Amino acid sequence: MLIRIFRFTQLAGVLLTLTGSLGLALGFIGLINLDTFAFGITAGVRVVGTLAITGCLLGAIGCFGLEYNNVSS
């Protein structure tokens with residue numbers, strides 16, 4: 001059961017990282033307006049960047065858990 005949780009965490013991390021990175025790239029190119037993600041005094045770039053960083057952290061936790069339990073993907 002723990003292995004399934006770590007694999008899900010790893011997959012969710014990869015998906016969040018890809019989504020956040022794609023959003024940042026499209027925002028910097030100008031295809032989407034990053035101001036729509038802004039709230040309060042926080043810029044939209046920070047919100048989308050936080051999505052990518054959260055994905056990186058979740059992926060790292062999942063990879064560490066799988067490595068700690070000696071499971072090869």
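Trainee: Why is I61 called partly exposed?

Mentor: I61 has a relative accessible area of 48%. Buried needs under 20% and exposed needs over 50%, with partly exposed in between. The 48% of I61 falls in that middle class, so partly exposed is the label. Keep in mind that this is a predicted model.

Trainee: Where does I61 sit, and which residues does I61 touch, leaving aside its neighbours within four places in sequence?

Mentor: I61 is part of helix 2, which runs over residues 44-68. With those sequence neighbours set aside, I61 is in contact with F6 and T9. Contact here means heavy atoms within 4.5 Å. For a sense of distance along the chain, G49 is 12 residues from I61, and their C-alpha atoms are 19 Å apart.

Trainee: What about T9, then: buried or exposed?

Mentor: T9 has 14% relative accessibility. The cut-off for buried is under 20%, so T9 counts as buried. You'll find T9 in helix 1, residues 2-29. Beyond its neighbours within four places, T9 has contacts with L58, G59, I61 and G62.

Trainee: How do you know that the buried residues of helix 1 pack against helix 2?

Mentor: Packing goes by contact, meaning heavy atoms within 4.5 Å. By that test, the buried residues of helix 1 pack against helix 2. The buried set in helix 1 is F6, T9, A12, G13, T17, G20, G23, L24 and G27. From the other side, the buried residues of helix 2 pack against helix 1. Those are G44, V48, G49, A52, G55, G59, G62, G65 and L66.

Trainee: Why would residues three or four places apart in a helix point the same way?

Mentor: An α-helix has 3.6 residues a turn, so residues at that spacing point the same way.

Trainee: How do you know that the length of helix 1 agrees with what is expected?

Mentor: Helix 1 has 28 residues, which at 1.5 Å a residue should span 40 Å. Its end C-alpha atoms are 40 Å apart, so the two values agree. Helix 2 fits too: it has 25 residues and reaches 36 Å from first C-alpha to last, close to the 36 Å expected.

Trainee: What comes just after each helix?

Mentor: G30 follows helix 1 and takes a positive phi of about 110°. Just after helix 2, N70 also has a positive phi, of about 55°.

Trainee: What makes C56 partly exposed?

Mentor: C56 has 45% relative accessibility. That lies between the 20% and 50% limits, so C56 is partly exposed. C56 belongs to helix 2 and, outside its close sequence neighbours within four places, has contacts with G13 and T17. C56 and V14 are 42 residues apart in sequence, yet their C-alpha atoms are 7.0 Å apart.

Trainee: And why does I5 count as partly exposed?

Mentor: At 41%, I5 is also between those limits, so partly exposed is the label again. I5 is in helix 1. Its C-alpha is 11 Å from that of L58, which is 53 residues away in sequence.

Trainee: Why is R46 called exposed?

Mentor: Exposed asks for over 50%, and R46 has 61% relative accessibility, so R46 qualifies. R46 lies in helix 2, with its C-alpha 10 Å from that of D35, 11 residues away along the chain.

Trainee: What makes I29, L31, I32 and F37 a nonpolar patch on the surface?

Mentor: Patch members need over 30% relative accessible area and no salt bridge, with nonpolar side chains joined within 5 Å. Take F37: its 39% is over that 30% limit, so F37 passes on area. F37 is in the loop between helix 1 and helix 2. Together the four residues have about 400 Å² of accessible area.

Trainee: How does the radius of gyration of the chain compare with that of a compact globule?

Mentor: A compact globule of 73 residues would be near 11 Å, but this chain has 15 Å. The C-alpha trace spans about 45 × 25 × 15 Å along its principal axes. The chain has 2 helices and 0 strands, and 26% of its residues count as buried. Among contacts with a separation of 6 or more, 74% come from residues 24 or more positions apart.

Technical notes
Residues numbered from 1 in each chain as written. Predicted model: local features only at pLDDT ≥ 70, side-chain atom pairs only at ≥ 80, totals over all residues. Heavy atoms only, no water. Buried < 20%, exposed > 50% of the residue type's maximum accessible area, 1.4 Å probe, protein only. Rg over C-alpha atoms; globule rule 2.2 N^0.38 Å. Patch = residues over 30% accessible without salt bridge, like charges linked within 9 Å, V, L, I, M, F, W, Y side chains within 5 Å. Areas by Shrake-Rupley, 256 points an atom, 1.4 Å probe, with all protein chains shown as cover. Salt bridge = Lys/Arg side-chain N within 4 Å of Asp/Glu carboxyl O. Expected span 1.5 Å × (residues − 1).
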